[in-house]
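Reader: I have a model open beside its sequence, and I would like to understand the reasoning behind the terms used for it. Could we go through them one at a time?

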Amino acid sequence: MRDYRPDFFDFSPTVYLNCAYQGPFPRATAARIEQAVQLKCHPDRLHPQEYFDLPDRVRARFAKLVGADPQEIAITNSATQGIGIVATGLDLKAGDEIIISSRNFPANIFTWLHLRRRGVRVRVIRPAGDHVTPAEVEAELSPHTRVVALDWVSYTSGARLNLTALADLAHGRGALLVVDGTQGVGAVPLDLREAPVDALAVAAYKWLLGPYGTGFLYVRPEVQERLDLAVVNWMTVEGSDDFDALPIEEFTLPRAARIFDVPETPNFINLNGLEASLEFVEQAGVAAVFSHCTRLLDRLAAGLRDRGLQLSDAAQPEHRSTILAFKAESLAATGAVHRALAAEHVAVSLRHGFIRVSPHLYNTEEDIERLLSVVRRA
Ligand SMILES: Cc1ncc(COP(=O)(O)O)c(C=O)c1O
């Protein structure tokens, strides 16, 4: 594999192993944003057609990334917004049930809990291990279940769920599978033609290396039909690209997920940067990101085992992702290791008692060795 370090900024003296927290911009993204800033300095250079072409180019890249059709993609500003579009758009009533996991990131918890004001019952699975199992989901399913909402890759342990098995379970009971893919999409290959989830919400500022405040929502067409649209984004109605003759009393919405696009969709600075980041990820290839990161994490896992540390379920081949987490013999000891890493400029995160390590293409074996040497001394 080629050396990708020159494509990024120099992080030294830090060893940055924290892409699950914030993905850094490739240099190409920063350059594209600088160009976009000029559009705002000189608005005469901003062509009206770009209000529509830029989002559509980004949409096409998102679609390609996950094996979807552009008609199935809405551009959002966060994972929260994507999940909210589904949660508030479905006609959920008193007596309906939702299943979530206590391991979900809050974006995939609070929106659902908020539906309790309508009498919706939210069943929260508290998994025995680091990830929710299909058996644990099955035990909560009932004839009233409408949605199973889970995170594909855990933000704490890095354990990846089997979406096909979960979709089969949910669909077998007539429920939808709604997934937060933020910690996997861009780094772990995903083909939605093989994993039939109903909706997938993703924040693009981590593994897609995009700006903060960008993301997307995939929604299967049959589910789009079921979603009530709370707010009409004027840019999505038919004819909105003719600024000189905008519709007034009547409007027609296309049958496509873009009706859910975040208003002011062509946020030029963010979306230009995002386009460059998506180009970068596409050119490098998600499979290459995955194989590079898992090779580094295999090395890490071996070194941590040698030192007697406990690995998260992400160390198991069927749950692996580009995140691996570990803990020492006690919470206090884990905290001490984390502090030692911070003092030695090794950037990782502490999440629910785990030290979470998340490399990317700019990381090398030496970075892993540096982390292991600090752990050995801590
Ligand atoms: C699994 C997961 N989903 C979503 C987010 C971020 O959500 P949002 O884009 O709504 O801020 C994070 C951030 O850490 C995450 O780990």
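Reader: Which residues does Thr-236 touch, not counting residues up to four places away in sequence?

Author: Bearing in mind that this is a predicted model, Thr-236 touches Leu-253, Pro-254, Arg-258, Ile-259 and Asp-261, with residues up to four places away in sequence left out of the count. Thr-236 itself is found in the loop between α7 (221-224) and α8 (268-284).

Reader: Why does Thr-236 count as buried?

Author: The relative accessibility of Thr-236 is 3%, and buried means under 20% relative accessible area, so Thr-236 falls within that class.

Reader: What makes Asn-104 buried or exposed?

Author: The same cut-off decides it: the relative accessible area of Asn-104 is 3%, and because a value under 20% is called buried, Asn-104 is buried. This residue lies in the loop between β3 (97-101) and α4 (110-113), and it touches Ile-109, Ala-149, Leu-150, Asp-151 and Tyr-155, not counting residues up to four places away in sequence.

Reader: How do you know that the side chain of Asn-104 makes a polar contact with Ala-149?

Author: A polar atom of the Asn-104 side chain lies 3.0 Å from the backbone oxygen of Ala-149, and since a polar contact requires a pair of N or O atoms within 3.5 Å, the distance meets that limit.

Reader: What makes β5 and β6 a pair of strands?

Author: Strand β5 (residues 145-151) and strand β6 (residues 176-180) are joined over five bridges in the parallel sense, and at least two bridges are needed for strands to pair, so the requirement is met. Asp-151 stands opposite Asp-180 in β6, while helix α6 (residues 163-172) lies across β5 and β6, running at about 145° to β6.

Reader: Why are β2 and β4 called edge strands?

Author: The open sheet has seven strands in the order β2-β8-β7-β6-β5-β3-β4, with mixed pairing. Strands β2 (73-76) and β4 (121-125) are its edge strands, as each pairs on one side only.

Reader: What polar contacts do Ala-79, Thr-80 and Asp-180 make with the ligand?

Author: A polar backbone atom of Ala-79 is 2.9 Å from an oxygen atom of the ligand, a polar side-chain atom of Thr-80 lies 2.4 Å from a ligand oxygen atom, and a polar side-chain atom of Asp-180 lies 2.6 Å from a nitrogen atom of the ligand. Taken alone, the ligand exposes 400 Å², of which the protein buries 90%.

Definitions and conventions: Residues numbered from 1 in each chain as written. Predicted model: local features only at pLDDT ≥ 70, side-chain atom pairs only at ≥ 80, totals over all residues. Heavy atoms only, no water. Helix = DSSP H or I, 4+ residues; strand = E, 2+ residues; numbered from the N terminus. Buried < 20%, exposed > 50% of the residue type's maximum accessible area, 1.4 Å probe, protein only. Contact = heavy atoms within 4.5 Å. Axes fitted to C-alpha atoms, helices over the stretch in contact; angles between N-to-C directions. Polar contact = N/O pair within 3.5 Å; in protein donor to acceptor, adjacent residues only side chain to side chain. Areas by Shrake-Rupley, 256 points an atom, 1.4 Å probe, with all protein chains shown as cover.
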